[in-house]
Amino acid sequence: MHRLFWIVCFVAALTAGMDAQAPQNPALAGAAPPAAPIPDTNPFSSPADIEQGGALFQTHCSYCHGSFGEGGRGADLTAGVYKRGGRDPQLYASIRNGIPGSEMAPVRITDEEVWKVVGFVKRLGSQGLLEKAPGDSTAGRLVYQKMGCASCHRIEKDGGNLGPELTEIGRRRGLKFLTESIVKPEADVEIAYRAVQVLLKSGQTVSGIRLNRDDLSIQVRDARDNLRSILMDNVQEIRYDKPSLMPAYTALNQKDLGDVIAYLNSLKGAQ
Ligand code: HEC
Ligand code: HEC
């Protein structure tokens, strides 16, 4: 009799201890993980959590999604648009379970760590919204025009197609990334914009971005924004020496650079 009483007390104390550890959210206490419902909002989204999420992202995700989330083997996570949904529980599900039928496997970290990564991924999708550039965006717009950026980039309806569209660049990218894009464009080039140099047997060279390649031909968007299909029979060599078509604007003075970044930072697209 006595012994049974003590066992009951012991179990009761244990259970009480478990509750005390997770007062706000018993679903996360781990009693029955597979059946636990996914909370509607991220329970681990303090600045410290997000910072830890960032470190986990670099280890487990960046080799597919890029260190800025810009994509590569994995999807671009900077646009704030998600095929599988962008609400907290949906992002949690994509990351916790992986994406069936794709390269992305379930990640081997704890549930709590997955939430921290969710916080970081959300931030990737809205980098620019958190930062305000100090420069003069009106002056920056003139720098943009003067430097001929529009020959390769489209904003709204105007501009070329050799580089990524910049209509929403101020939402997608933080200031550090913008600066690097301009002074060191080789640093982080999205696969879709990787430059190619095609040396022809005739001695000519066609530079551009590679669109497609098969056994018979290679398709390139050349530096004048023309689509060209080149027969492999005419090709001497295909090279990828210079990863970005974008020139490095190292000669821009600090004022112009600051202003053009302020201009880009002001481009948030249609909200
Ligand atoms: C082996 C490569 C690989 C790794 C590692 C990887 N992913 Fe992915 N990820 C992908 C691919 C490929 C897709 C696109 C799948 C599809 O849409 O079919 C994807 C899709 C996603 C999506 C959904 C995007 C959308 O549009 O809905 C999210 C979110 C995501 N990954 C986050 C992560 C996070 C966070 C990590 C690290 C914990 C990670 N991924 C690790 C390759 C990877
Ligand atoms: C000859 C074509 C060309 C010119 C001119 C050019 N760019 Fe680019 N730009 C590119 C290409 C290609 C990329 C993508 C590859 C890369 O990131 O380097 C790019 C990338 C960028 C990015 C990153 C976009 C993203 O989605 O991550 C920014 C920002 C940018 N350019 C701004 C500028 C500004 C500002 C100027 C003018 C001072 C300029 N570019 C001039 C071709 C060009």
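These legends describe close-up views of ligand 2 in a predicted model. Local features need pLDDT of at least 70 and side-chain atom pairs 80 or more, while totals for linings use all residues. Residues are numbered from 1 along each chain as its sequence is written, and side-chain values use heavy atoms, without hydrogens and water.

**View 1. The iron atom of ligand 2 is held by His-153 and Met-246.** His-153 (NE2) and Met-246 (SD) coordinate the iron at 2.0 Å. Donors are N, O and S atoms within 2.8 Å of the metal (3.2 Å for Na, K and Ca). The site has 6 donor atoms, with angles of 88 to 178°, and is octahedral. For six donors, that term needs opposite donors over 155 degrees apart and all others between 65 and 115.

**View 2. Two loops supply the pair.** His-153 sits between α6 (137-146) and β1 (154-155). Met-246 sits between β7 (235-239) and α9 (254-266). The two are 93 residues apart. Helices here are DSSP runs of H or I with at least four residues, and strands are E runs of at least two.

**View 3. Ser-244 and Pro-185 make polar contacts with ligand 2.** A polar contact with the ligand is a pair of N or O atoms within 3.5 Å. The side chain of Ser-244 comes 2.6 Å from a ligand oxygen. For Pro-185, a backbone N or O atom lies 3.0 Å from a ligand oxygen.

**View 4. A shell of 25 residues surrounds ligand 2.** Each has a heavy atom within 4 Å of the ligand. Among the nearest are Cys-149 and Cys-152. α8 (175-183) gives the most, with 4 residues.

How values were computed. Chains are lettered from A and ligands numbered from 1 in the order in which they are written. Four donors count as tetrahedral if all angles lie between 85 and 135 degrees; four count as square planar and six as octahedral if opposite donors are over 155 degrees apart and all others between 65 and 115; anything else is irregular. A polar contact is a pair of N or O atoms within 3.5 Å; within protein, one must be able to donate a hydrogen and the other to accept it, and residues adjacent in sequence count only if both atoms are side-chain atoms.
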